[in-house]
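User: I have a model open and would like to go through some of its parts with you. Could we start with the strands and then move on to the helices?

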Amino acid sequence: MRNLFMVLCCLTLLNSCNDVQENLTTSEKSKKDYTQFVNPFIGTSKMGHVFPGATAPFGMVQLSPQTNFEMMFKEDGSYNPDTYEYCAGYQYRDSTIIGFAHTNFSGTGHSDLGDFLVMPTVGNLVLDPLETSDGSKGFYSTFSHDYEEASPGFYKVDLDSYNIKAELTASDRVGFHQYTFPKSDEAHIILDLVYNVYHHNNKNVWTFLRVENDSTITGYRQTKGWARDKKVFFAAKFSKAFKSYGYKKYDKETYNGFYRRFNETENFPEMAGKDLRAFFNFDTEQGEKIKIKFALSNVSSAGAMKNLETEIPHWDFNKTYKETSDKWNTELSKIAIETLKEAQKTTFYTAMYHTNLSPTIYEDVDGQYRGLDQNIHTSEGFTNYTTFSLWDTYRALHPLFNITQPKRNNDMIKSMLAHHDQSVHDMLPIWSHYANENWCMIGYHATSVIADAMAKNVGDFDKERALEASVNTASVSYFDGLGDYIKFKYVPDDKSHSSVSKTLEYAYNDWCIAQIAKQIGDQSTAENFMERSEYYNNVFDPSIGFMRPKLSDGTFRKNFDPMDTHGQGFIEGNAWNYGLYVPQNIEKMVNMMGGNERFTQQLDSLFTMDIEEKYIENHEDITRDGIIGNYVHGNEPGHHIPYLYNWTGHPEKTQARVRMIMDTMYGPTVDGLCGNDDAGQMSAWYIFSSLGFYPVTPGSADYALGSPLIKAATIYLDNGKTITIKANNQSKDNVYVRSVSVNGKVLEGTVLSHQDIMNGGEIIFEMSHTYQ
């Protein structure tokens, strides 16, 4: 008995030690500051189109500096290509700041937003941002990157023209400004309600502002841009009463009713018009701080005020910054990595940061939001989101969320279903933002997001409703060649642009719908959409070995160049790269394109051939920065291509290509993104590939294996388990994988299942400088 008692005591002590160790591990994880590895300036140069400002994870507010004001159209009405550089309002090469806007997209290739630009100044009041009508300097300030800082949830810069220090942070729905002024009796805070990203002369439909008291303003702006009916409401409080205020109206007044009785431009508490710039005047002491809490709502100014009072009821700037930084640390700590170089942590965690910027929360603290029907709805059982760049993000971002953000992805799908219910077209979102469908790009990829979540057992959304919404979407005959696709079993090139790309993507989307139908036991629908998923066969020309535009008479188009990315039946790609898009049946695609060795040779050529400038010069989304041979990593359609070698019996080529892309197309500097980050898709590719696997076919539960860049990684799963990934014998030269084991069992082939990850445990890659 005494020995038994001793054994029990030892076991109890051992279990207690294990519990302590587990608690220590959790505690250490929570204490580590992962935000130190994030550099928000990565990708702010050239094509990355990301912003460096302050925001919370998936926050409604993106409070960020704007460095220039480019009109969308030239004076002759033609498109101004320079506006493309300012999709996020900021370019690192600039040395001027015109203010801080509260809404910004991250990484998009077209744009909108830039709402409510705030700029502090001193001296003579100037209300033009760049240049006044007499050629004098506008209200912009010069700045130096030497005195500019950014981290998750925080931005700081010295405005040299005014000797003002600007500091920004944000909660989910409120931007928090802190400006340190010099001594002045001519201090101003300008609220520019003219400015937009992608501005044009008719973009502002109406603007309204109320001065509620000497330190509180409310209002809204309605714009017609990429979103053709966008309404954003605001409520703002100043920490100090302004001594006077006013505004200038830039649109020609045709009728003003009996408001003509008043001098509306000075100290009149209502401001209304298309294009307004308001100003608020102060006396300041040396080093005096003026703070502004600026809340947004898509419902009403009352909703914005409720957001403000709920999220930041105090004036403690550092408290809000700390709370938001902690939120970021929570998200970033979901994957802990060890790397060969410290700089690789910066690249990885900045990619993590970029994947947590959007989609964005789109509801007030009480759950109210503006729907696609422009009515006010209340979310029930979910948080409503917007900014669905689905042609980009279905590929890797939403699959990543099924590992790192399953609850949010569930809410995002519920948001998509709400969009469908509010749509007069009975359609899921294509590319939607701010209660508007903007119809950008092709396909109906919400179906992919739904199918992928179902394949991976993510979410409690209504599966039958999801199938109905998917079928409805795939049946709208007037949508983008879809009626002809159904009729001809391909999209005819003489009836619709980008005909081959549409055929390929519709076929993949139809496969996704078939997977949804299979999951809920609807065999008839599954069979119908599986048949449609084979329509890609109808645009393959075996005589040349490429996907090729086909006319409505059943013949292939004669004038066709598989190298050209413009006007050849593909959108933002060519037959060499975009034509390799049959993720639902890669084995069949390989066979019909000549079999394993022939297809391997084609991939080799793709990565090594030269593409002439004339073939890419018509696309602002394709530049040399993101091209390897004829492979375009700087744009989404080819992101799966490096992994296709796995289907030809040459996984070593996948491994080498993937490592080369990670080393050359990404980095820890301002030009560390080789193309638009596209709402997180480019970064999601890097995260998956760094970990050693990639979702080549969203809608299935399988990942294609690659070559991990990390030495080790631990993913803290939402189900409470952890999965540790180790790359034994990892080095810069050891890019080849000799074997992969999951919890001690060696994997056969090149596939990792989602369940292998969710079960927790250990995945071990044995690395080598040669491939056996």
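User: In which sense do β19 and strand β33 pair, and over how many bridges?

Analyst: Bearing in mind that this is a predicted model, β19 and strand β33 (residues 712–716) pair in the antiparallel sense, and four bridges hold the pairing. To find the register by eye, look for A336, whose bridge partner in β33 is T714.

User: And what sheet does that belong to, in what strand order?

Analyst: It is an open sheet of six strands, ordered β19-β33-β34-β38-β35-β36, and the pairing within it is mixed. The edges are β19 (335–338) and β36 (745–746), each of which pairs on one side only.

User: Going inward from β33, what comes between it and β34 (how many residues)?

Analyst: The two strands form a hairpin with five residues between them, and in the turn G720 has a positive phi of about 95°. Strand β34 (residues 722–728) pairs with β33 in the antiparallel sense over five bridges, with I725 in β34 as the bridge partner of A713.

User: Then β34 and β38: parallel or antiparallel?

Analyst: Those two run parallel, and six bridges join β34 to strand β38, which covers residues 761–768. A convenient landmark there is I723, which stands opposite G761 in β38.

User: Switching to β15, is that strand buried or exposed, and what does it pair with?

Analyst: Five of the six residues of β15 (residues 244–249) are buried, so the strand is largely enclosed by the rest of the structure. Its pairing with strand β17 (residues 276–284) is antiparallel over six bridges, and S244 has N281 in β17 as its bridge partner.

User: OK, helices now. At what angle do α3 and α4 pack?

Analyst: Helix α3 (residues 317–332) and helix α4 (residues 342–355) pack at an angle of about 110°, with their axes 10 Å apart. That angle is why α3 counts as roughly perpendicular to α4.

User: Which residues make the contact?

Analyst: From α3 the contact involves W328, E331 and L332, while α4 contributes Y349, M352 and Y353. Sorted by class, the contact has five nonpolar residues, one charged residue and no polar ones.

User: How many residues of α6 are buried?

Analyst: Helix α6 (residues 397–404) is mostly covered, with eight of its eight residues buried. The buried residues are L397, H398, P399, L400, F401, N402, I403 and T404.

User: And α14, how far does that one reach, and what covers its buried residues?

Analyst: Helix α14 (residues 596–608) has 13 residues and reaches 18 Å from its first C-alpha to its last, which is close to the 18 Å expected at 1.5 Å a residue. Its buried residues are F599, T600, Q602, L603, D604, L606 and F607, and what covers them includes β28 (546–547), α13 (586–592), β29 (627–628), β30 (631–632) and α15 (651–665).

User: Last one: where does H102 lie, and is it buried or exposed?

Analyst: H102 lies in the loop between β4 (99–101) and β5 (117–122), and because its relative accessibility is 0%, H102 counts as buried.

User: What is H102 in contact with, leaving aside its neighbours within four places in sequence?

Analyst: With those neighbours set aside, H102 is in contact with M60, V61, Q62, L63, D115, F116, V118, G175, H177, F294 and L296. For G175, which is 73 residues apart from H102 along the chain, the C-alpha atoms of the two are separated by 6.9 Å.

Key:
Residues are numbered from 1 along each chain as its sequence is written. This is a predicted model: local features need pLDDT of at least 70, side-chain atom pairs count only at pLDDT 80 or more; totals for chains, interfaces and linings use all residues. Side-chain values use heavy atoms; hydrogens and water are left out. Buried means under 20% relative accessible area, exposed over 50%, partly exposed in between (1.4 Å probe, protein chains only). Two strands pair if DSSP finds at least two bridges between them. Axes are lines fitted to C-alpha atoms, for helices over the stretch in contact, and angles run from 0 to 180 degrees between N-to-C directions. Angles under 35 degrees count as roughly parallel, over 145 as roughly antiparallel, 65 to 115 as roughly perpendicular and the rest as oblique. Contact means heavy atoms within 4.5 Å. Ala, Val, Leu, Ile, Met, Phe, Trp, Tyr, Cys and Pro count as nonpolar, Asp, Glu, Lys and Arg as charged, and the others, Gly among them, as polar. The expected span of a helix is 1.5 Å times one less than its number of residues.
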